[in-house]
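Colleague: I should be grateful for a close look at one part of this protein, namely the buried arginines and the residues around them. Please then place that part within the chain as a whole.

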Amino acid sequence: MNTKTFTTVAVCALSLAAGQASAADASPWTVRLGPAHVGFSPQADVSVAGNPVPGGDASASSSTTLGIELAYDVSDRLTARFLAGIPPTTTLTGQGTLASAGKLGKVTYAPAVLSLTYKLLNEGPVRPYVGAGINYTIVTRNRDAFIHDLDTRNAWGSVLQAGVEVPIDAHWSVSLDARKIFLKTKATGTLPAFGGAPARADVRLNPLVVFLSVGRRF
């Protein structure tokens, strides 16, 4: 092997080793920050003094908050993600036969989503992923309106997720994803308009969380 050939092989070997070292040194941790929009698809079964209210239902207003996600690359394809954010507030409004009640109350909540996603493409300018996980929603504050002594329970739910990641460079990226949460909770209170009769609602909220974020790998 002549000197020129040896030099070429050596340079190639060093370049490959450097690339492998760089990949090995890459941090598996990413922090993402951006707006998270929460839209609900509610359905409620309402009862007053233990009696079902036929046609009684409720809606929940959508909200947008600042979301933050901590992500950890378990492997080249698998990423564990934890999403939380500043607790937003939703307004509950009577629907159906409860429409005349108007605003039922307000609830401030803190959703936390833990999920595991799988990259469908590990290379390229756009990298889609899908996943699933669990959600725990903590109610931090209830505010009365038509319903007094409003008490909304914390609740668990399952999650389906899909999104895309667009790398900018080795450290920065932009992501857009949606997480469908299948969530059911209970709300109780009293109705002064009905002599203080107790009220209860079994509510399926099923929110869709759309998260647009900028990520930084550390």
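**From the exposed surface to the buried arginines**

Modeller: Aspartate 149, with a relative accessibility of 54%, counts as exposed, and it offers a useful contrast with the arginines you ask about. The model is a predicted one. Aspartate 149 belongs to strand β10, residues 148-152, and its phi is positive, at about 55°, although the residue is not a glycine.

Arginine 179 stands at the other end of the scale: its relative accessibility is 0%, and because buried means under 20%, it counts as buried. This arginine is part of strand β12. Its side chain makes a polar contact of 2.5 Å with the side chain of glutamate 69. A further polar contact, of 2.9 Å, links the side chain of arginine 179 to that of aspartate 177. Leaving aside neighbours within four places in sequence, arginine 179 is in contact with Glu69, Leu83, Val113, Ser115, Val159, Leu160, Gln161, Pro207, Leu208, Val209 and Phe211. Serine 115, one of these contacts, is 64 residues away from arginine 179 in sequence, while the two C-alpha atoms are 9.5 Å apart in space.

Arginine 81 is the second buried arginine to consider. It lies in strand β6, which spans residues 78-85, and its relative accessibility of 2% is why it counts as buried. The side chain of arginine 81 is joined to the side chain of glutamate 69 by a polar contact of 3.0 Å. Glutamate 69 therefore has a side-chain polar contact with arginine 81 as well as with arginine 179, both of which count as buried. Not counting residues up to four places away in sequence, arginine 81 touches Arg32, Glu69, Leu70, Ala71, Val113, Leu114, Ser115, Thr117, Tyr129 and Gln161. Val113, Ser115 and Gln161 appear among the contacts of arginine 81 and also among those of arginine 179.

Threonine 137 is another buried residue, at 9% relative accessibility. It is found in strand β9, residues 127-144. A polar contact of 3.0 Å connects its side chain with that of asparagine 135. Beyond its neighbours within four places in sequence, threonine 137 is in contact with Tyr109, Ala110, Pro111, Asn154, Ala155 and Leu183.

Two glutamines show an intermediate degree of exposure. Glutamine 95, in strand β7 (residues 89-96), is partly exposed, with a relative accessible area of 33%. Its side chain makes a polar contact of 3.2 Å with the side chain of serine 59. When residues up to four places away in sequence are not counted, glutamine 95 touches Gly55, Gly56, Asp57, Ala58 and Ser59. Glutamine 43, in strand β2 (residues 43-48), is likewise partly exposed, at 42%. The C-alpha atoms of these two glutamines are separated by 9.7 Å, with their positions 52 residues apart along the chain. Asp57 is among the residues touched by glutamine 95 and among those touched by glutamine 43.

Glutamine 43 also touches Asp202, Val203 and Arg204, on a count that leaves out residues up to four places away in sequence. Leucine 205 is 162 residues from glutamine 43 in sequence, yet their C-alpha atoms are 6.6 Å apart. Asparagine 206 is located in the loop between β13 (197-204) and β14; its phi is near 45°, a positive value in a residue other than glycine.

These local views may now be set within the whole. The protein has 1 helix and 14 strands. Of its 218 residues, 35% are buried. Among contacts with a separation of 6 or more, 66% join residues 24 or more positions apart. The protein exposes about 11700 Å², of which carbon and sulfur atoms supply 65%.

The largest pocket holds about 660 Å³ of space. Its lining comprises 24 residues, with Ala26, Asp73, Lys119, Arg127 and Arg217 nearest its centre. Two or more lining residues come from each of β1 (29-39), β11 (155-167), β12 (172-191) and β14 (208-217). Strand β12, one of these elements, is also the strand in which arginine 179 is found. By type, the lining residues of the largest pocket divide into 8 nonpolar, 7 polar and 9 charged.

Note on methods. Residues are numbered from 1 along each chain as its sequence is written. This is a predicted model: local features need pLDDT of at least 70, side-chain atom pairs count only at pLDDT 80 or more; totals for chains, interfaces and linings use all residues. Side-chain values use heavy atoms; hydrogens and water are left out. Helices (H or I, at least four residues) and strands (E, at least two) are DSSP runs, numbered from the N terminus. Buried means under 20% relative accessible area, exposed over 50%, partly exposed in between (1.4 Å probe, protein chains only). A polar contact is a pair of N or O atoms within 3.5 Å; within protein, one must be able to donate a hydrogen and the other to accept it, and residues adjacent in sequence count only if both atoms are side-chain atoms. Contact means heavy atoms within 4.5 Å. Accessible areas come from the Shrake-Rupley method with a 1.4 Å probe; for residues, only the protein chains shown count as cover. On a 1 Å grid over the protein atoms alone, a cavity is a set of points where a 1.4 Å probe fits but cannot get out, and a pocket is an open set with protein on both sides within 12 Å along at least five of seven lines; lining residues have an atom within 4 Å of a point. Grid points are joined across faces, edges and corners, and a volume is the space filled by probe spheres set on the points. Ala, Val, Leu, Ile, Met, Phe, Trp, Tyr, Cys and Pro count as nonpolar, Asp, Glu, Lys and Arg as charged, and the others, Gly among them, as polar.
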